[in-house]
Every structure is written in C-alpha cells, then in structure tokens.
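Subject: Handover of a structure

Dear colleague,

Please find below the sequence and structure I am passing on to you. My findings follow directly after it.

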Amino acid sequence: MAIQQPNLPAEKDFDGESFAPLYTTTVTVTGGSAAHGRASGKARSDDGVLDLDLRTPAELGGDGQGTNPEQLFAAAFAACFHGALSLVARQTVSDPTAIAVEATVAFGRDPEDGGYLLQVDLVVRWPGVTPEAAAPLLERADSLCPYARMAWRGTPTTITLAS
C-alpha cells in the first residue's frame, strides 16, 4: 500500500482569530530508575505508536543506551522542514524526490544566564537544484514549517500542575 502525502495547502487558507488545531498528540515521559526523564525515562505517545527509552548521551555523562530529547527534536524538525519544502517544490513543478534535510541540534549553556539553550542547523541536500533556484523555495518552506516558525517566533506554552 502506498503512503499518501498529507493534504495540507501552502496558501494561507485560515483567517480566524485564534489557533485552530489540525492534529493533537500527547506524549508522556516518566522518570524511570533515576527518577529523571532525560537520564532513565520512558516516552510514550497516547496512541502507543511512540514508545521509547530515553537516556542521557554519553557526551553528557550518560550511558547513551537510548534516544535523547535532542535526537527526537532533530528528527521532528528535519521531517517537518522536509515536508514543507516538498510541498512548495511540488507547487513549482520541482521534483522533491532527492531532497534530504539534515538537522543538527546542539545542547549547551546560555551565556546570558547560565541556563540551557538549543541551537539548530539545517542543511538541505537537493542534487541537481542550483542555489538560486532553491533559495525562494527554502525561504517559503521556512515560513511554512511550524518548527522553523517556533524557532523564529517562539511557541505559546502553558505549564499546569494536574490535580
């Protein structure tokens, strides 16, 4: 069975006054043996499709025997940007088949306050497409991809203690 592409337009097709969710998912992380989601946690989606052991990478002193939040974020960002670029490429009759998006996520210290920050670098490989031809498509994909928009504009977030 062939996998179908999502039916999401690239044009602005919503002019409402509030956020209109098209899809919602929930992932729960528990702490595991170290009572620390990053070090020994378990991540499970509400539908059970995602069910992963989380581990701190060896570079940060962990055992590296599971995935980590930065890998998950890199995969999500790369997949989302790939989808946006594929969509805009098809609209301009460009072949997106050879597109590959590599996301590098760096976890480090914020020099302003000593807290933690992420830095993301995206590299797009698109054999046979010139930088001049790709530039407007990359710009349009950047404006469509919700992960890129999150990086540039921030994402509304709420934190609630369940009773």
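To begin with the pocket lining: in this predicted model, helix 2 provides the largest share of the residues lining the largest pocket, namely eleven. Helix 2 (69-91) is joined there by helix 3 (131-144) and helix 4 (146-153), each of which supplies at least two lining residues. The volume of this pocket is about 2,500 Å³. Its lining comprises 45 residues, and those closest to the pocket centre are Phe 19, Leu 22, Cys 80, Leu 144 and Pro 146. Sorted by class, the lining holds 27 nonpolar, ten polar and eight charged residues.

Two of these helices also pack against each other. The axes of helix 3 and helix 4 lie 5 Å apart and form an angle of about 75°. Since angles of 65 to 115 degrees count as roughly perpendicular, helix 3 is therefore roughly perpendicular to helix 4. On the side of helix 3, the contact involves Asp 142, Ser 143 and Leu 144, while helix 4 contributes Pro 146, Ala 148, Arg 149 and Trp 152. This contact of helix 3 with helix 4 consists of four nonpolar, one polar and two charged residues.

The model also contains a sheet. Three strands, in the order 1-2-3, make up an open sheet with antiparallel pairing. Strand 1 (27-30) and strand 3 (51-53) are its edge strands, each pairing on one side only. From one strand to the next, the twist averages 15°. Strand 2 (residues 42-45) is joined to strand 3 by three bridges, and Lys 42 has Asp 53 of strand 3 as its bridge partner.

With kind regards

How values were computed
Residues are numbered from 1 along each chain as its sequence is written. This is a predicted model: local features need pLDDT of at least 70, side-chain atom pairs count only at pLDDT 80 or more; totals for chains, interfaces and linings use all residues. Side-chain values use heavy atoms; hydrogens and water are left out. On a 1 Å grid over the protein atoms alone, a cavity is a set of points where a 1.4 Å probe fits but cannot get out, and a pocket is an open set with protein on both sides within 12 Å along at least five of seven lines; lining residues have an atom within 4 Å of a point. Grid points are joined across faces, edges and corners, and a volume is the space filled by probe spheres set on the points. Helices (H or I, at least four residues) and strands (E, at least two) are DSSP runs, numbered from the N terminus. Ala, Val, Leu, Ile, Met, Phe, Trp, Tyr, Cys and Pro count as nonpolar, Asp, Glu, Lys and Arg as charged, and the others, Gly among them, as polar. Axes are lines fitted to C-alpha atoms, for helices over the stretch in contact, and angles run from 0 to 180 degrees between N-to-C directions. Angles under 35 degrees count as roughly parallel, over 145 as roughly antiparallel, 65 to 115 as roughly perpendicular and the rest as oblique. Contact means heavy atoms within 4.5 Å. Two strands pair if DSSP finds at least two bridges between them.
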